[in-house]
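User: Please take a close look at one part of this predicted model, namely the salt bridges and the elements that they join. A connected account of how that part sits within the rest of the chain would be welcome.

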Amino acid sequence: MNERFAASFAPALSYYAALSPAAGFQGRCAMSIPADIEGKRVLDVCCRKGKGAFALADAVGPSGFVVGVDPDTDNVAAACAAAPKNHWAGSSWEHHLRFSPAIPESLSQACIEDASFDQVYINSVVNLAWSLPAALAEFARVLAPGGRLWVAQGVFAEDGSDAQGGIVGESGAIDVFSQARSCDAFEQMCLEAGFSSVSFSSIAPFAGEGPRDGGCPGGATFWLADACATI
């Protein structure tokens with residue numbers, strides 16, 4: 001990591017470092033994969049230990065390519081170690097898949113160039129970005145014309161609500177519920193970041209009591225949805 005990068009993103013790096021594997025991303029593990037990504041170049045943001053990236057690699061097939069990035073270098077190392085047993089190409093997985101450390105706000109940390117991907121993929125942990133506007137701008141930067149951002153099983157707040165910010169659950173993790181924006185607010189942020197259109201599908205209400213059990217804090221109502229933003 002060069003000194004200029006470290007200085008520019010010091011608060012972000014500290015933020016992600018605090019999301020330790022033990023407490024870390026308190027999100028949802030469910031993932032939906034678009035049906036039309038065979039042969040596509042897909043970037044998996046906050047890939048953790050690679051489980052989703054391996055599923056995406058199955059979907060893009062031999063003619064596609066997947067890059068997984070994560071702020072935690074231990075996660076990146078674990079994903080690389082797991083790849084030979086979990087990627088369809090076995091020991092030749094690096095011909096079709098790559099893992100690198102990077103924060104969502106600066107994908108250039110992983111040498112991700114402008115307009116180099118057809119799809120950026122992220123799940124509900126999009127809510128935990130240190131700066132969601134900066135992250136969305138980065139996603140827009142690396143997408144080729146016509147490319148799409150896919151938020152799998154995103155957690156969105158009820159209309160009229162907004163992210164509370166800085167709320168930490170009992171486990172010590174910052175959870176995706178307390179950081180949720182409404183669908184309208186998320187759409188506006190995407191448009192401001194350079195996306196031309198935003199759509200939501202598989203929308204369903206979700207209510208409950210303990211975030212650690214997949215519920216929502218205080219019995220509040222949230223929406224689960226797949227979000228697709230197009231450049």
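Analyst: Asp-36 has a relative accessibility of 45% and therefore counts as partly exposed. Its carboxylate meets the side chain of Arg-148 in a salt bridge, with an N to O distance of 2.8 Å. Because Asp-36 belongs to the loop between α2 and β1 while Arg-148 belongs to strand β5, this pair ties together parts that lie 112 residues apart in sequence.

A salt bridge also joins Arg-41 to Asp-118, and the closest N and O atoms are 2.8 Å apart. Here too distant parts of the chain are linked, since Arg-41 is in strand β1 and Asp-118 in strand β4, 77 residues apart. Arg-41 is partly exposed, at a relative accessible area of 34%.

The pair Glu-138 and Arg-141 is local in sequence: the two residues are three apart in helix α5, and about one helical turn separates them. Their closest N and O atoms are 2.6 Å apart. Glu-138 is buried, with a relative accessible area of 10%, whereas Arg-141, at 24%, counts as partly exposed. Both residues belong to a network of salt bridges that also includes Asp-114. In total, the model has four salt bridges.

Strand β1, which holds Arg-41, pairs with β2 in the parallel sense over five bridges. Within this pairing, Val-45 stands opposite Val-69 of β2. The connection from β1 to β2 runs through α3 and forms a right-handed β-α-β crossover. On the next step, β2 pairs with β3, again in the parallel sense and over five bridges, and Gly-68 stands opposite Phe-99 in β3. The chain passes from β2 to β3 through α4, in a β-α-β crossover that is likewise right-handed. Five of the six residues of β2 are buried, so this strand is largely enclosed by the rest of the structure.

The connecting helix α3 spans residues 51-60, and its buried residues are Gly-52, Ala-53, Phe-54, Leu-56, Ala-57 and Val-60. These buried residues pack against β1, β2, α4, β3 and β4. Just after α3, Gly-61 adopts a positive phi of about 75 degrees.

The nonpolar interior completes the picture. The largest nonpolar core contains 48 residues, of which Leu-43, Leu-136, Phe-139, Leu-149 and Phe-195 touch the most other members. Two or more residues of this core come from each of α2, β1, β2, β4, α5, β5, α6 and β7. Phe-195, leaving aside neighbours within four places in sequence, is in contact with Leu-136, Phe-139, Ala-140, Leu-143, Leu-149, Cys-190, Ala-229, Thr-230 and Ile-231. Another core, of 19 residues, lies apart from the largest one and includes Cys-47, Leu-97, Tyr-121 and Ala-152.

Taken together, several elements appear in both settings. Strands β1 and β4 are joined by the pair Arg-41 and Asp-118, and both strands give two or more residues to the largest core. Strand β5 carries Arg-148 of the pair with Asp-36, and helix α5 carries Glu-138 and Arg-141; β5 and α5 are likewise among the elements that give two or more residues to that core.

Terms used:
Residues are numbered from 1 along each chain as its sequence is written. This is a predicted model: local features need pLDDT of at least 70, side-chain atom pairs count only at pLDDT 80 or more; totals for chains, interfaces and linings use all residues. Side-chain values use heavy atoms; hydrogens and water are left out. Buried means under 20% relative accessible area, exposed over 50%, partly exposed in between (1.4 Å probe, protein chains only). Helices (H or I, at least four residues) and strands (E, at least two) are DSSP runs, numbered from the N terminus. Contact means heavy atoms within 4.5 Å. A nonpolar core is a set of buried Ala, Val, Leu, Ile, Met, Phe, Trp, Tyr and Cys residues joined through side-chain atoms within 4.5 Å. Two strands pair if DSSP finds at least two bridges between them. A crossover is right-handed if, with the strands pointing away from the viewer, the path from the first strand over the helix to the second runs clockwise.
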